[in-house]
Amino acid sequence: MLAFVHANLIDGTGRDPRPCSTVLIQGGSIIAAGADVDVPVGSVVVDLRGKTLLPGFIDAHLHLGGSDSLDDRMGNHGRHFTWDYSYNIARLMAWGVTAVRSGGDWTPEILEFRDEVEAGAVRAPHIVAPGRFVQAYEGHPLSTVYMNDPAIMQNACVLIHEGDGADRIGASVRRAVSEGVDMVKVFCGDDDKLRYPDDTTVPSLTDEQLRLVVRFAHEAGKRVMCHIDDLCDMGRAVDAGVDTVEHVCNVCTDPDQEIGEELLAKLVEHGVCVTPTIVATAEHEEHGFANGAPPVAPAARRAVSKMIQAGVRIGVGTDAGIPFVAYGESLHREMRELVGCGMTPLQAVSACTGGNAKILQRDALYGTVEAGKLADLVVLGSDPLDDIENTRDIALVMRAGRVVVDNGILSE
Ligand SMILES: [Zn+2]
């Protein structure tokens, strides 16, 4: 039995911190957590006085196979390559990330890797993945950012053609689900950012096709995550019945867009989660990656502020794996962005742990510090409720009770 004592406990459920708490860990799981827990005789006791203990962080949107570092491998090109992921998972764990939702990867490799991680063969964050992404033929992102790369088309995509109806879409969605995915990811958006400012659009799924993708995914028992580029797409996605919306306002969209009361009300009423990935938009614009387009990160922040006020469920995700968005580190910037949009630091860390676990549909397994949950934990050297930047002050990271990062807690 391992006993952390005298910890400032933020348990990820959203409840207030409990000072001077004890957390007992055995066999990879949390046995007990709270202020009134007795330490069994014979336990290994670790004193966390002055430190904060919380669940491991979860990135609700990234691309585990996406990394520029893989570009120069023999025969590899593009960014959706799932090789051994070693650099990416090392960065994630160093930043306290113990679970990810990886949206749109080389398939079946991502699903095989997910299973190896769950079997304990690889020390890595838990992975929840939709495998291939569903998009319109000649649409975004295959025809735009991936320039119709035939390898990506074959290994990471499901293409819906103009005129495809229930029969073909049903067959495509069922085939994708049969690979063993956790959910279905679909694209709703017709911008060709690479050709900005020529106002070029690309084909997109029709409203009816989007509805069919959602219907067949739900019939197969899978939730739908939907990529959107702007608030107009968001309205279409919500009307089609998607479960989570990915992004808010991406680069090269209208800098003056505002979210309306009607859409806010629908998001709340249908319980749709939005993963804004503000960090991705901001990093791209700060690195001059928006083809000279006016910045839209301010529009994203305005919309997210209104969503927080209205009570829309917000996921914390980064889009890490795309250029300029670093694995792990970017999740801490996203929490800071959400605090800037009006979340309290407690809301931000709770959204990034227990809240994200619900988005991943893994809240019965991890995401909170409660008896029976996996011991996926982070110890911080300072209190994130004093300053959200303190989430970066990582002293220890544990995955299923195994230490993956130790910056002087156990070794002292
Ligand atoms: Zn993404």
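**Exercise 1. How many strands form the open sheet that contains β6, β7 and β8, and in what order do they stand?**

Before we start, two notes on the model. Numbering runs from 1 along each chain as its sequence is written. The model is predicted: local features need pLDDT of at least 70, side-chain atom pairs count only at pLDDT 80 or more, and totals for chains, interfaces and linings use all residues.

*Step 1.* The open sheet has 3 strands in the order β6-β7-β8, and their pairing is parallel. Strands here are DSSP runs of E with at least two residues, helices are runs of H or I with at least four, and both are numbered from the N terminus. Two strands pair if DSSP finds at least two bridges between them.

*Step 2.* β6 (57-62) and β8 are the edge strands, each pairing on one side only. From one strand to the next, the twist averages 20 degrees.

*Step 3.* Now zoom in on β7 and β8, which pair in the parallel sense over 3 bridges. Val100 stands opposite Ile127 in β8.

**Exercise 2. Find the helices that lie across this sheet, and describe the buried residues of α2.**

*Step 1.* α2 lies across β7 and β8, at about 145 degrees to β8. Helix α11 (residues 345-359) lies across β6 and β7, at about 45 degrees to β6. Axes are lines fitted to C-alpha atoms, for helices over the stretch in contact, and angles run from 0 to 180 degrees between N-to-C directions.

*Step 2.* In α2 (residues 109-118), Glu109, Ile110, Leu111, Phe113 and Arg114 are buried. A residue is buried if 20 or more other C-beta atoms lie within 10 Å of its own, exposed if 12 or fewer, and partly exposed in between, with C-beta atoms placed from the backbone.

*Step 3.* The cover over the buried residues of α2 includes β7 (97-102) and β8 (126-128). After α2 comes Gly120, with a positive phi near 90 degrees.

**Exercise 3. Is strand β11 enclosed or open, and which strands pair with it?**

*Step 1.* In β11 (residues 184-188), 5 of the 5 residues are buried, so the strand is largely enclosed by the rest of the structure.

*Step 2.* Both faces are covered: Val184, Val186 and Cys188 are buried on one side, Lys185 and Phe187 on the other. In general, side chains in a regular strand alternate between the two faces of the sheet.

*Step 3.* Strand β9 (residues 133-136) runs parallel to β11 and is joined to it by 2 bridges; Val134 stands opposite Val186. Strand β12 (residues 224-228) also pairs with β11 in the parallel sense, over 5 bridges, and Val224 in β12 is the bridge partner of Val184.

**Exercise 4. Trace the meeting of the two domains and the nonpolar core.**

*Step 1.* The domain assignment, which is automatic or from a database, gives domain 1 (2-55 + 366-406) and domain 2 (57-359). Their C-alpha centres lie 30 Å apart.

*Step 2.* 23 residues of domain 1 are in contact with 23 residues of domain 2, where contact means C-beta atoms, placed from the backbone, within 7 Å. On the domain 1 side, β5 (52-55), β17 (394-399) and β18 (402-406) each supply at least two residues.

*Step 3.* The largest nonpolar core has 128 residues, and those with the most contacts inside it are Val23, Leu53, Val184, Val213 and Val224. Such a core is a set of buried Ala, Val, Leu, Ile, Met, Phe, Trp, Tyr and Cys residues joined through C-beta atoms within 7 Å. This core draws at least three residues from each of domain 1 and domain 2.

*Step 4.* Leaving aside neighbours within four places in sequence, Val23 is in contact with Phe4, Ala7, Leu9, Ile30, Ala33, Leu53 and Val369.

Key
Two residues are in contact if their C-beta atoms, placed from the backbone, lie within 7 Å.
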